[in-house]
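The following exercises introduce one molecular structure through worked solutions. Please study the sequence and the model before attempting each task.

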Amino acid sequence: MAAELHVELVAADRSVWSGEASLVIARTTSGDIGVMPGHQPLLGVLESGPVTIRTSDGGTVVAAVHGGFLSFADNKLSLLAEIAELADEIDSQRAERALERAKAESDAEAERRAEIRLRAVAAR
């Protein structure tokens, strides 16, 4: 079994993160999944939620992902997201204001996006 896997996290508009990892945890339509080096090949649909990447150097990268796909083969994991933001890029005060506004406007989709952003910040 290989000691690490190569990860590419890509949003529709940019490359968000690329590097070597020992574990990636993401939410799919089938539930949460952890991918480690040597995992069986897979293709899945990403649900909106935080993605946690344990880097090979012992660090952790967390991203808020809003839909997309993941693919794993030959120790290469591709996360192709509709929208993705690293937790370090998220302004938590702005996300909290967006959540309050979405609740006041009864905008369930905007509320869900804001909650995921806040969960990603909390998980980092």
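**Exercise 1. The largest pocket**

Task: Determine which helices and strands each supply at least two residues of the lining of the largest pocket, and describe that lining.

Solution. Step 1. The elements are E7, H1 and H2; helices (H or I, at least four residues) and strands (E, at least two) are DSSP runs, numbered from the N terminus. The model is predicted: local features need pLDDT of at least 70, side-chain atom pairs count only at pLDDT 80 or more, and totals for chains, interfaces and linings use all residues. Residues are numbered from 1 along each chain as its sequence is written, and side-chain values use heavy atoms, with hydrogens and water left out.

Step 2. The volume of the largest pocket is about 210 Å³. Among its 13 lining residues, Ala-98, Ala-110, Arg-113, Ala-114 and Arg-117 are the closest to the centre. A pocket is an open set of points on a 1 Å grid over the protein atoms alone, where a 1.4 Å probe fits, with protein on both sides within 12 Å along at least five of seven lines; lining residues have an atom within 4 Å of a point. A volume is the space filled by probe spheres set on the points, which are joined across faces, edges and corners.

Step 3. By class, the lining holds 5 nonpolar, 1 polar and 7 charged residues. Ala, Val, Leu, Ile, Met, Phe, Trp, Tyr, Cys and Pro count as nonpolar, Asp, Glu, Lys and Arg as charged, and the others, Gly among them, as polar.

**Exercise 2. Helix H2**

Task: Compare the span of helix H2 with its expected span, then state which residues of H2 are buried and what they pack against.

Solution. Step 1. Helix H2 covers residues 108–123, and its 16 residues should span 22 Å at 1.5 Å a residue. The expected span is 1.5 Å times one less than the number of residues. The end C-alpha atoms of H2 are 22 Å apart, so the two values agree.

Step 2. Ala-110, Ala-114, Ile-116, Arg-117, Leu-118, Ala-120 and Val-121 are the buried residues of H2. Buried means under 20% relative accessible area, exposed over 50%, and partly exposed in between (1.4 Å probe, protein chains only). Ala-110 counts as buried because its relative accessibility is 17%.

Step 3. These buried residues pack against strand E5 (49–55), strand E6 (60–73), strand E7 (76–86) and helix H1 (92–104). In H1 lies Ala-104, which is exposed, with a relative accessible area of 67%.

**Exercise 3. The nonpolar cores**

Task: Identify which residues of the largest nonpolar core touch the most other members.

Solution. Step 1. This core has 24 residues, of which Val-7, Leu-9, Val-24, Ile-53, Val-65, Leu-77 and Leu-79 touch the most other members. A nonpolar core is a set of buried Ala, Val, Leu, Ile, Met, Phe, Trp, Tyr and Cys residues joined through side-chain atoms within 4.5 Å.

Step 2. Strand E1 (5–11), strand E2 (14–28), strand E4 (42–46), E5, E6 and E7 each supply at least two residues of this core. Apart from it lies another core, of 12 residues, including Ala-87, Ile-90, Ala-98 and Val-121.

Step 3. Neighbours within four places in sequence being left aside, Val-7 is in contact (heavy atoms within 4.5 Å) with Trp-17, Ser-18, Gly-19, Ala-21, Val-24, Ile-53, Leu-77 and Leu-79.

**Exercise 4. Strand residues and a loop**

Task: Place Val-45 and Thr-60, then examine Asp-74 and Asn-75.

Solution. Step 1. Val-45 belongs to strand E4 and is partly exposed at 37% relative accessible area. Beyond neighbours within four places in sequence, Val-45 contacts Arg-27, Thr-28, Thr-29, Gly-68 and Phe-69.

Step 2. Thr-60 belongs to strand E6 and is partly exposed at 41%. With neighbours within four places in sequence again left aside, Thr-60 contacts Thr-52, Ile-53, Arg-54 and Thr-55.

Step 3. Asp-74 is in the loop between E6 and E7, as is Asn-75. Asp-74 has a positive phi of about 50° although it is not a glycine, and Asn-75, also not a glycine, has a positive phi of about 55°. Most residues other than glycine have a negative phi. Asp-74 counts as exposed, at 70% relative accessibility.
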